[in-house]
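User: Hi! Could you take a close look at one part of this protein for me, namely the open sheet, and then walk me through the charged contacts as well?

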Amino acid sequence: MFDRQKKGDRAVLVLPHSRGEGDAARRAEEFAELVKSAGAEVLGVISARVEDPNPRYYIGTGKADEVAEAARALEADLVLVDHVLTPVQERNLEKHLGIRVVDRAGLILDIFAQRARSHEGKLEVELAQLKHLATRLVRGWTHLDTQRGGAIGNRGPGETQLETDRRLLGERVKMLTRRLEKVQTQRGQQRRARLRNTVPRVALVGYTNAGKSTLFNALTTGDVYAANLLFATLDPTVRKLEGLSCGPAVLADTVGFIRELPHDLVAAFRATLAEARDADLLLHVSDAADEERDRLHHVVDKVLEEIDAGDVPQLQVMNKIDLAGAEPRIERDGTGKPVRVWLSAATGAGLDLLRQALGELLGGERVQSALQLPLSAGRLHARLKAAGAISGETVDEHGWQLHIDAPRSVIAPLSGGDPTETRLLRQLLAVAE
């Protein structure tokens with residue numbers, strides 16, 4: 001093995017692709033943006049056609065020699081590969097090249113580590129990094145192999161450095177997991193408090209760099225950091241959204257999605273993703289000026305399905321119409337329901353149309369009505385209360401007189417299969433229509 005350099009951000013990029021891959025140019029551009037977001041300096045770019053991945057290097061041996069020669073000539077500090085490598089492939093490439101190798105997943109994790117600001121975000125990133133690192137620990141030291149273990153008889157080698165590293169890493173993972181569970185419990189309590197307030201919840205989702213944070217600031221006069229960088233914001237930010245015909249709502253800005261997002265990162269970032277999963281409505285923001293917006297829209301939908309948010313209603317927002325040369329407008333389906341709004345968050349054109357569409361969708365999806373519950377329907381009363389659907393109530397010898405104010409999607413599944421409860425909820429939903 002070799003000694004990795006402690007610092008260095010001078011990189012050679014390796015861009016694997018296959019024959020007939022139609023989005024190779026877009027992938028190369030996106031990877032360059034990732035490298036820019038990470039703060040690395042690009043010295044050279046090497047394209048590598050990969051039809052049958054080499055189990056040793058992923059790229060072919062001849063291409064690996066070419067990368068090694070370019071890295072030496074350019075005095076690069078690391079090689080960045082636009083593909084997820086196996087631990088074995090990453091180690092073999094590092095041994096062959098003599099410098100550090102970082103794959104696509106490792107690069108995204110590094111960017112997240114730089115951008116996380118909240119305590120919870122930092123814990124989530126570190127946990128994802130450690131899980132990524134756990135499969136990449138190798139025997140880098142041998143000077144402790146001669147340790148003897150046991151007090152009697154010198155029974156053989158003691159704990160090696162590799163075993164020590166694995167043990168310490170495992171202990172750190174357990175500690176981070178416990179701390180995250182505590183923080184997430186606190187955040188869950190805050191989220192349930194918002195539910196009890198019966199305020200509609202809207203979450204911004206979309207491919208990274210589609211303009212979500214700019215739109216968030218424009219709608220809420222917020223101060224979320226917005227820049228022309230991939231993953232400019234990571235931590236979930238929640239603000240009150242005013243000026244809607246249905247009354248105030250809560251708007252959450254979430255992390256941008258990207259293709260081949262590391263699974264450890266998706267699993268770890270439960271906080272920001274929970275805002276999308278628990279929302280009443282998703283604003284799916286797309287770049288109207290991007291020719292590949294439909295395919296990127298599909299990428300986001302795929303990630304939403306992975307986090308169990310695929311069934312949450314969506315309103316598509318076509319942002320950056322100032323760059324696309326389009327006019328602000330609302331598109332509706334056959335029933336007149338808004339399905340797409342064209343606007344520019346940067347100039348403000350079409351923001352009033354978005355507020356109009358939100359008012360229509362959120363107002364129509366909420367149940368606001370009185371409900372008389374007999375004392376025998378105590379279980380339903382408890383479920384309605386736990387779901388935050390009750391905005392006011394009185395009780396007498398005949399039962400509860402409730403005022404219900406909650407999304408229809410929250411109320412509909414609360415009957416628990418009881419015929420009486422089902423009948424009461426159907427009456428409530430029918431009156432609210």
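Analyst: Happy to help; here is a tour of the sheet, followed by the charged side chains. One thing to keep in mind is that this is a predicted model.

Let's start with the sheet itself. It is open and built from 7 strands, which follow the order 6-7-5-8-9-11-10 with mixed pairing. At its edges stand strand 6 (237-241) and strand 10 (329-332); each has a single partner strand, so one side of each is left without a neighbour in the sheet. On average, neighbouring strands are turned by 25 degrees against each other, direction ignored.

At the strand 6 edge, the partner is strand 7 (residues 249-253): the two run antiparallel and are joined by 5 bridges. Within this pairing, Thr237 stands opposite Asp253 in strand 7.

A helix also belongs in this picture. Helix 10 (residues 293-306) lies across strand 5 (201-206), strand 8 (281-287), strand 9 (314-319) and strand 11 (338-342). Relative to strand 8, helix 10 runs at about 145 degrees.

Next, a contact between a charge and a ring. The charged end of Arg329 sits over the ring of Trp342, at 4.2 Å from the ring centre. As for pairs of aromatic rings, the count is 0.

Now to the salt bridges, of which the model has 12. One of them joins the side chains of Glu30 and Arg104, with 2.8 Å from N to O. This pair links distant parts of the chain, with Glu30 in helix 1 (residues 24-38) and Arg104 in helix 4 (residues 104-115), 74 residues apart. Both Glu30 and Arg104 are buried.

Another salt bridge connects Glu66 with Lys63, where the closest N and O atoms are 3.1 Å apart. Because Glu66 and Lys63 are 3 residues apart in helix 2 (residues 61-74), about one helical turn separates them. Glu66 has 37% relative accessibility, so it counts as partly exposed. Lys63 is partly exposed too, its relative accessible area being 22%. Elsewhere, salt bridges that share partners join Arg27, Glu30, Asp82 and Arg104 into one network, and the Glu30 and Arg104 side chains described above meet in a salt bridge there.

Finally, Glu51 forms a salt bridge with Arg49, with 3.4 Å between the closest N and O atoms. At 45% relative accessibility, Glu51 counts as partly exposed.

Conventions:
Residues numbered from 1 in each chain as written. Predicted model: local features only at pLDDT ≥ 70, side-chain atom pairs only at ≥ 80, totals over all residues. Heavy atoms only, no water. Phe/Tyr/Trp six-rings, centres within 6.5 Å; stacked < 30°, edge-to-face > 60°. Lys NZ or Arg CZ within 6 Å of the ring centre and 35° of its normal. Salt bridge = Lys/Arg side-chain N within 4 Å of Asp/Glu carboxyl O. Helix = DSSP H or I, 4+ residues; strand = E, 2+ residues; numbered from the N terminus. Buried < 20%, exposed > 50% of the residue type's maximum accessible area, 1.4 Å probe, protein only. Pairing = 2+ DSSP bridges. Axes fitted to C-alpha atoms, helices over the stretch in contact; angles between N-to-C directions. Contact = heavy atoms within 4.5 Å.
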